[in-house]
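Trainee: I would like to learn how to read a protein model step by step. Could we go through one together?
Mentor: Gladly; let us put it on the screen.

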Amino acid sequence: MKTWQLAIAALASAVCTLFSVAPYGSGIAGILSATLLILVALHAKTTKGAMGWVFVFQIPLWLWLHSWVETVAFAGWIGLGLYMSTWASLFVLLLRKIHQNTQISVVVSAPIVWVGLECLRGIVLFDGYPWYLAGAVVLDWPLISIVTIGGVWLASFLVLAIAGLL
C-alpha cells in the first residue's frame with residue numbers, strides 16, 4: 001500500500017467512525033471503519049507508517065467526539081483525545097504482528113484482538129471507558145438480539161468478523 005493510499009484509508013476509517021456514532025449511527029459506517037483499519041494493518045509497508053497515519057487521523061475524530069470536555073477541562077480533553085487515538089493504532093500493531101507470524105484468518109484474529117482491546121479499555125484500565133464500542137453500531141439492526149447471549153462484546157465480535165470478511 002502506497003503512503004497516499006495508507007493516509008486516505010486511515011482518514012476514511014476515522015470519518016466512517018464519526019458516521020457510525022450518534023447522531024448518524026450508521027452500522028455500515030462502523031463496519032467500513034473496521035474494514036479500513038484491517039486493510040491498513042495487513043497491507044501497509046511498515047508498521048510505523050500504519051500506526052502513525054491511523055493515530056494522526058484518529059486524534060481529530062476523538063477530539064470532536066469529546067468536544068464537550070473542552071469547556072470542563074482543556075488539558076483533560078487533549079489527554080482523552082490522545083488516549084482514545086491510541087486504541088486504533090494498537091489494534092493495527094497487534095493485527096500486523098499476528099499476521100506476520102501466523103496463518104490465522106483475519107475473520108478470527110481481528111474480532112479477537114478488537115474485543116480484547118475493547119474489554120481492556122472498557123473494563124480494566126482506569127476503571128474502564130465503555131463508550132464507543134464497535135458493537136453499538138448495530139443497535140438498530142435485527143441481529144442485535146445476539147447481545148442477550150454475549151452482550152456488546154459479542155456484537156463487537158460480529159461487527160469485526162463482518163469487517164474481516166470484507
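**Reading the model together**

Mentor: Start with Pro-23, which sits in the loop between α1 (3-20) and α2 (27-43). Keep in mind that this is a predicted model.

Trainee: What kind of peptide bond joins Ala-22 and Pro-23?
Mentor: The omega angle is the thing to read here. For Ala-22 and Pro-23 omega is about 5°, and the bond is a cis peptide bond.

Trainee: What is the average pLDDT of the protein chain?
Mentor: pLDDT is the predictor's own confidence, on a scale from 0 to 100. The protein chain averages 93, and 100% of the residues score at least 70. You can also look element by element: helix α3 (residues 47-65) has the highest mean, 97, and helix α6 (residues 147-165) has the lowest, 88.

Trainee: How many helices and how many strands does the protein chain have?
Mentor: Count the elements, then read their order. There are six helices and zero strands, so the order from the N terminus is simply α-α-α-α-α-α.

Trainee: Which radius of gyration does the protein chain have, and what would a compact globule have?
Mentor: The idea is to compare the value with a rule based on chain length. For 166 residues, a compact globule would come out near 15 Å, and the protein chain has 15 Å, so the two agree. As for its extent, the C-alpha trace spans about 45 × 40 × 30 Å along the principal axes.

Trainee: What share of the contacts links residues 24 or more positions apart?
Mentor: Take the contacts with a sequence separation of 6 or more; 62% of them in the protein chain are between residues 24 or more positions apart. Distance in sequence and distance in space can also be read for a single pair: Ile-78 and Ser-33 are 45 residues apart in sequence, with 23 Å between their C-alpha atoms.

Trainee: How do I judge whether a residue is buried or exposed?
Mentor: Use the relative accessible area: under 20% is buried, over 50% is exposed, and in between is partly exposed. In the protein chain, 44% of the 166 residues count as buried.

Trainee: Is Ser-89 buried or exposed?
Mentor: Ser-89 belongs to helix α4. Its relative accessible area is 4%, so Ser-89 is buried. Beyond its neighbours within four places in sequence, Ser-89 is in contact with Met-51, Val-54 and Phe-55. Now take Ile-78, also found in helix α4 (residues 74-101). Ile-78 counts as partly exposed because its relative accessibility is 31%.

Trainee: What is special about phi of Phe-126?
Mentor: Look at the sign of phi and at the residue type. Phi of Phe-126 is near 50°, a positive value in a residue other than glycine. Asp-127 also has a positive phi, near 65°, and it too is a residue other than glycine. Phe-126 is in the loop between α5 (106-124) and α6, and Asp-127 lies in that loop as well. Phe-126 is exposed because its relative accessible area is 68%; Asp-127 counts as exposed at 75%.

Trainee: How far apart are the mean positions of the positive and negative charges?
Mentor: Average the place of each kind of charge, then take the distance. The protein chain has 6 positive and 4 negative charges, and their mean positions are 26 Å apart. For the surface as a whole, the accessible area is about 8,600 Å², and carbon and sulfur atoms account for 73% of it.

Technical notes. Residues are numbered from 1 along each chain as its sequence is written. This is a predicted model: local features need pLDDT of at least 70, side-chain atom pairs count only at pLDDT 80 or more; totals for chains, interfaces and linings use all residues. Side-chain values use heavy atoms; hydrogens and water are left out. Helices (H or I, at least four residues) and strands (E, at least two) are DSSP runs, numbered from the N terminus. The radius of gyration is taken over C-alpha atoms; the globule rule is 2.2 Å times the number of residues to the power 0.38. Buried means under 20% relative accessible area, exposed over 50%, partly exposed in between (1.4 Å probe, protein chains only). Contact means heavy atoms within 4.5 Å. Accessible areas come from the Shrake-Rupley method with a 1.4 Å probe; for residues, only the protein chains shown count as cover. Lys and Arg count as positive and Asp and Glu as negative; His and the chain ends are not counted. The place of a charge is taken as NZ of Lys, CZ of Arg, CG of Asp or CD of Glu.
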